[in-house]
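This briefing sets out the overall build of one protein chain and then turns to a single helix within it. Please keep the structure in view while reading.

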Amino acid sequence: MLSTTQTPGDERIHPNVPTVDQSDRIVPINLRQSGPTPVQMLISTRVRKSPFWHLSIEAGAWRATVYNRMYHPRGYVRPEDGGAMAEYDALINRVTLWNVAVERQIRIKGPDAEAFVDFVITRDATRIRPMHGKYCILCNDRGGILNDPVLLRLAEDEFWFSISDSDLMLWLQGVNVARRFDVEIDEIDVSPLQIQGPLSEDLMADLVGEEVRAIPYYGLMETEIGGCPVVISQTGFTGEKGYEVYVRDATENAEEIWYAIRGQGARFGLRVIAPAHHRRIAAGILSWGQDLDAETSPFQVNLAYQVPRKKAGDYIGRAELERQRAIIDEGGYPFRQKLVGMKLGGHPITDYAPDFWLVTDPEGNRMGYLTSPWWSPELETNIALGYVPWEMSARGTALKVELPEAYSETSGQSVDAVVCEVPFRPSVNPSARERAIAAGRDSAD
């Protein structure tokens, strides 16, 4: 099977391009296996530092990536001290603080705010009450997922998109360039922090009062921390109990709130950590740009529940998504590749993968790739999300994965893998997808 970057006879020209079918895509994922690269990230002014950047450095951040054109701390505990798995232990057993200011806040405000938001998301914005939120997706007219933010409704005429890693503001402003909707679309000076882990509710009650315990999942609360205004939501990127603290006027208030949380959190054993991708994988939470992007459909990535069957209003991408769903309802599948969960062998994967590691069938024919692998201490196995051909996506399907030498059980040999159910372990806060399945529905409220 040839990749979209190769034609018969040109293997000598592109000897390092794996022959995995990516015909669903216009721009294939780079599947060259280049491994870790010893480079130093350049810190310059063309990439922004969030209001919490210096506080993360003070807390021990030693590595970072770039997310939404901002520096994003992605490691606090050094490898010699336990690395990312020590951070994982703090998350699942105590309470943690994350700098996630890179989740930029795009505000839609004005008389037509509800109508505009309803037009750009697949879910029904009219069903989101003020001071509540939803996880949602925005698609282009081809059904590709442009962003999968948390959407907060602060008031009848005000919504915030807490965005994942793409320039959503430019898309939203472009959609409304003819001023069809009477709204203002801007990034605002609000930066979120996450407080995640089993002791997060007790810490939040100490910080803002007992009423925080009554906030429902995806509910919002206006309050203060350290004398500074914040919006709190009961949400997070983990599947654990947790909250997000949206700091208003963050450029001015970053230090006050950061130190207030750390000071109060000390008695709970709070640890500052990076976003816990090992836990979000176990919960089946997707990472935009890694597991999905503008060339993937919700029907490829376990987000079919985000496409309602009976939404009253029109939305961008509706015609194409309904065409795809009709094919699936008739027993077909309009794509070559599908995202699945896998359990796999090998030595424990305890850090970020630098490449999309390759998946083969049992005979060794390359036909897919991992997007998000990690070790699960609870399941005592490596787990991963990854793309495989649709006909190989059924639960229980046997696969192989080509792991790097550091994780291989036997040098030069692939490890066994099997397609399994997602999420990999129960979530404290079940996602809308989990709730829909439990209720026997194929779409969310």
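**Overall build and one enclosed helix**

In this predicted model, residues 24 or more positions apart account for 67% of the contacts in the protein chain with a separation of 6 or more. The protein chain contains nine helices and 21 strands.

**Dimensions**
- The radius of gyration of the protein chain is 22 Å, which agrees with the value near 22 Å that a compact globule of 445 residues would have.
- The C-alpha trace spans about 65 × 55 × 45 Å along its principal axes.

**Burial, surface and charge**
- Of the 445 residues in the protein chain, 55% are buried, that is, under 20% relative accessible area.
- The accessible surface of the protein chain is about 18,800 Å², and carbon and sulfur atoms contribute 50% of that area.
- The protein chain carries 46 positive and 62 negative charges, and the mean positions of the two sets lie 2 Å apart.

**Helix H5**
- Helix H5 covers residues 200–208, and because seven of its nine residues are buried, H5 is largely enclosed by the rest of the structure.
- The buried residues of H5 are Ser200, Glu201, Leu203, Met204, Ala205, Leu207 and Val208.
- These buried residues pack against four strands and one helix: strand E11 (190–196), strand E12 (220–225), strand E13 (228–233), strand E14 (242–248) and helix H6 (250–265).
- Gly209, just after H5, adopts a positive phi of about 110°.

Methods:
Residues are numbered from 1 along each chain as its sequence is written. This is a predicted model: local features need pLDDT of at least 70, side-chain atom pairs count only at pLDDT 80 or more; totals for chains, interfaces and linings use all residues. Side-chain values use heavy atoms; hydrogens and water are left out. Helices (H or I, at least four residues) and strands (E, at least two) are DSSP runs, numbered from the N terminus. The radius of gyration is taken over C-alpha atoms; the globule rule is 2.2 Å times the number of residues to the power 0.38. Buried means under 20% relative accessible area, exposed over 50%, partly exposed in between (1.4 Å probe, protein chains only). Contact means heavy atoms within 4.5 Å. Accessible areas come from the Shrake-Rupley method with a 1.4 Å probe; for residues, only the protein chains shown count as cover. Lys and Arg count as positive and Asp and Glu as negative; His and the chain ends are not counted. The place of a charge is taken as NZ of Lys, CZ of Arg, CG of Asp or CD of Glu.
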